[in-house]
Amino acid sequence: MAAYENILVETRGRVGLIRLNRPAALNALVRERVIAVYDHKYINRDLPEFATMTATAENMAIDIRDRLLRAWPAEFPALARVGVQETKRNVIGLPVIEEVV
């Protein structure tokens, strides 16, 4: 059974979902491509991408999506959604429809 510890299977009605559960690899990618860039930064001043646009949650989600897609390993399942939570009541969920940015 150890060979399947990274495969999660779930059924939702008539739909079966199969997910690869590789948190260490995904966490490393997010740390490198997102957290290292955004953490403890004044976004409008420290990130050149936001020199000419407002740092809204929507624009940040687009930037994060683009950063992840540029480095997304081919062996990972497709990136489906990027979420940014500004406040408890303001959450942006950006579906990923492009494969390469």
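This briefing walks through the nonpolar core, helix 3, the salt bridges and a surface patch of the structure above. Please keep in mind that the model is predicted. The largest nonpolar core holds 22 residues, and helix 3 gives the largest share of that core, seven residues. Helix 3 spans residues 57–71 and includes Arg67, a residue that is linked with Glu49 and Asp63 in a network of salt bridges. Six salt bridges turn up in a search of the whole structure.

**The nonpolar core**

- With 22 residues, the largest nonpolar core has Tyr38, Ile64, Leu68, Leu79 and Val82 as the members with the most contacts inside it.
- Two or more residues of this core come from each of these elements: helix 1 (23–38), helix 3, strand 3 (81–85) and strand 4 (91–95).
- The largest share, seven residues, is the contribution of helix 3.
- Once neighbours within four places in sequence are set aside, Leu79 is in contact with Leu68, Leu69, Trp72 and Val96.
- Leu68 therefore appears twice in this picture, as one of the residues with the most contacts inside the core and as a contact of Leu79, where contact means heavy atoms within 4.5 Å.

**Arg67 and its salt-bridge network**

- Arg67 sits in helix 3 and counts as buried because its relative accessible area is 11%, below the 20% limit for that class.
- Asp63 is its salt-bridge partner, and the closest N and O atoms of Arg67 and Asp63 are 2.7 Å apart.
- Both Arg67 and Asp63 belong to helix 3, where they are four residues apart, about one turn of the helix.
- Asp63 is buried too, as its relative accessible area is 8%.
- The side chains of Arg67 and Glu49 are joined by a polar contact of 2.9 Å.
- Taken together, Glu49, Asp63 and Arg67 make up a network of salt bridges.
- Not counting residues up to four places away in sequence, Arg67 touches Arg33, Val37, Tyr38, Leu47 and Glu49; one of these, Tyr38, is also among the residues with the most contacts inside the largest nonpolar core.

**Other residues of helix 3**

- Arg65 is another helix 3 residue, and it is classed as buried because its relative accessibility is 9%.
- The side chain of Arg65 makes a polar contact of 2.9 Å with the side chain of Asp66.
- Ala57 lies in helix 3 and is buried, with a relative accessible area of 0%.
- Ala57 touches Val84, Glu86 and Ile92, leaving out residues up to four places away in sequence.
- Between Ala57 and Val91 there are 8.0 Å in space, C-alpha to C-alpha, although the two are 34 residues apart in sequence.
- Ala71, also in helix 3, is in contact with Leu29 and Arg33 when neighbours within four places in sequence are left aside.
- If you would like a longer distance for Ala71, its C-alpha atom and that of Val15 are separated by 30 Å, with the two residues 56 apart along the chain.

**Salt bridges at partly exposed residues**

- Glu10 and Arg12 meet through their side chains in a salt bridge of 2.9 Å, N to O.
- Glu10 counts as partly exposed because its relative accessibility is 31%.
- Arg12 is in that class as well, as its relative accessibility is 48%, under the 50% above which a residue is called exposed.
- Glu32 and Arg33 form a side-chain salt bridge with an N to O distance of 3.4 Å.
- Arg33 is partly exposed, at 29% relative accessible area, and it is among the residues touched by Arg67 and by Ala71.

**A nonpolar patch on the surface**

- Ile7, Val9 and Ile18 form a nonpolar surface patch, and together they have about 310 Å² of accessible area.
- Ile7 is placed in strand 1, which covers residues 7–12.
- With a relative accessible area of 35%, Ile7 is partly exposed, so it passes the 30% threshold for patch members.

Technical notes
Residues numbered from 1 in each chain as written. Predicted model: local features only at pLDDT ≥ 70, side-chain atom pairs only at ≥ 80, totals over all residues. Heavy atoms only, no water. Buried < 20%, exposed > 50% of the residue type's maximum accessible area, 1.4 Å probe, protein only. Polar contact = N/O pair within 3.5 Å; in protein donor to acceptor, adjacent residues only side chain to side chain. Patch = residues over 30% accessible without salt bridge, like charges linked within 9 Å, V, L, I, M, F, W, Y side chains within 5 Å. Areas by Shrake-Rupley, 256 points an atom, 1.4 Å probe, with all protein chains shown as cover. Salt bridge = Lys/Arg side-chain N within 4 Å of Asp/Glu carboxyl O. Core = buried A, V, L, I, M, F, W, Y, C linked by side-chain atoms within 4.5 Å.
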